Amino acid sequence: MLPPNQPLYGAGYTGKIKLKIWQFGDWKEVIIDDKLPILKGKHIYAHCADPTEFWVALIEKAFAKLCGSYEAIEGGIV
């Protein structure tokens, strides 16, 4: 899902993240920013049990973008 050699921190990191998602028999490339929906210091939607990890939220954001919005994937309905 995450293409190799993509800087995710440090030198070369721009705040943009490229992911590839398999949908309807084809790989779709989605580019998102690293701003995740947060309320009172916690992720609003999907999140990892470890608060220092945020890969689940990034994948969810990419999938929401692919589907049109977070609302389009709410409740597991796509």
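1. In which strand is aspartate 26 found? Aspartate 26 belongs to strand E2, which covers residues 26–33. The model discussed here is predicted. With a relative accessibility of 40%, aspartate 26 counts as partly exposed. Its C-alpha atom and that of histidine 43 are separated by 29 Å, with the two positions 17 residues apart along the chain.

2. Overall architecture. The protein chain contains 1 helix and 4 strands. Read from the N terminus, the order of these elements is β-β-β-β-α. The C-alpha trace spans about 40 × 35 × 20 Å along its principal axes.

3. Burial and contacts. The protein chain has 78 residues, of which 22% are buried. Among its contacts with a separation of 6 or more, 27% come from residues 24 or more positions apart.

4. Surface. The accessible surface of the protein chain amounts to about 5,900 Å². Carbon and sulfur atoms hold 59% of that accessible surface. A nonpolar surface patch of about 340 Å² is formed by Leu2, Leu8 and Tyr9. Of these patch residues, leucine 8 sits in the segment before strand E1, the strand of residues 16–23. Leucine 8 counts as partly exposed because its relative accessibility is 38%, a value between the 20% and 50% limits.

5. Charge. The protein chain carries 9 positive and 9 negative side chains. The centres of the positive and negative sets lie 5 Å apart.

6. The salt bridge. How many salt bridges does a search of the whole structure find? The search returns 1 salt bridge. The side chains that meet in a salt bridge are those of lysine 61 and aspartate 33, at 2.4 Å from N to O. This pair links distant parts of the chain, with lysine 61 in helix H1 and aspartate 33 in strand E2, 28 residues apart.

7. Accessibility of the bridging pair. Is lysine 61 buried or exposed? Lysine 61 is buried, because its relative accessible area is 15% and the cut-off for burial is under 20%. Its partner, aspartate 33, has a relative accessibility of 35% and therefore counts as partly exposed.

8. Glutamate 60. This residue is located in helix H1, residues 55–67. Glutamate 60 is buried but takes part in no salt bridge. Which side chain of opposite charge is nearest to glutamate 60? It is that of lysine 61, 10 Å away. With neighbours within four places in sequence left aside, the contacts of glutamate 60 are Tyr45, Ala46, Tyr70 and Ile73. A colleague checking this region can view glutamate 60 together with lysine 61, whose side chain meets that of aspartate 33 in a salt bridge.

9. Tryptophan 22. Strand E1 includes tryptophan 22. Why does tryptophan 22 count as exposed? The reason is its relative accessibility of 51%, since exposed means over 50%. The C-alpha atoms of tryptophan 22 and leucine 36 are separated by 22 Å, and these residues are 14 apart along the chain.

How values were computed
Residues are numbered from 1 along each chain as its sequence is written. This is a predicted model: local features need pLDDT of at least 70, side-chain atom pairs count only at pLDDT 80 or more; totals for chains, interfaces and linings use all residues. Side-chain values use heavy atoms; hydrogens and water are left out. Helices (H or I, at least four residues) and strands (E, at least two) are DSSP runs, numbered from the N terminus. Buried means under 20% relative accessible area, exposed over 50%, partly exposed in between (1.4 Å probe, protein chains only). Contact means heavy atoms within 4.5 Å. Accessible areas come from the Shrake-Rupley method with a 1.4 Å probe; for residues, only the protein chains shown count as cover. Lys and Arg count as positive and Asp and Glu as negative; His and the chain ends are not counted. The place of a charge is taken as NZ of Lys, CZ of Arg, CG of Asp or CD of Glu. Patches are made of residues with over 30% relative accessible area and no salt bridge: like charges are joined within 9 Å, nonpolar side chains (Val, Leu, Ile, Met, Phe, Trp, Tyr) within 5 Å. A salt bridge is a side-chain nitrogen of Lys or Arg within 4 Å of a carboxyl oxygen of Asp or Glu.
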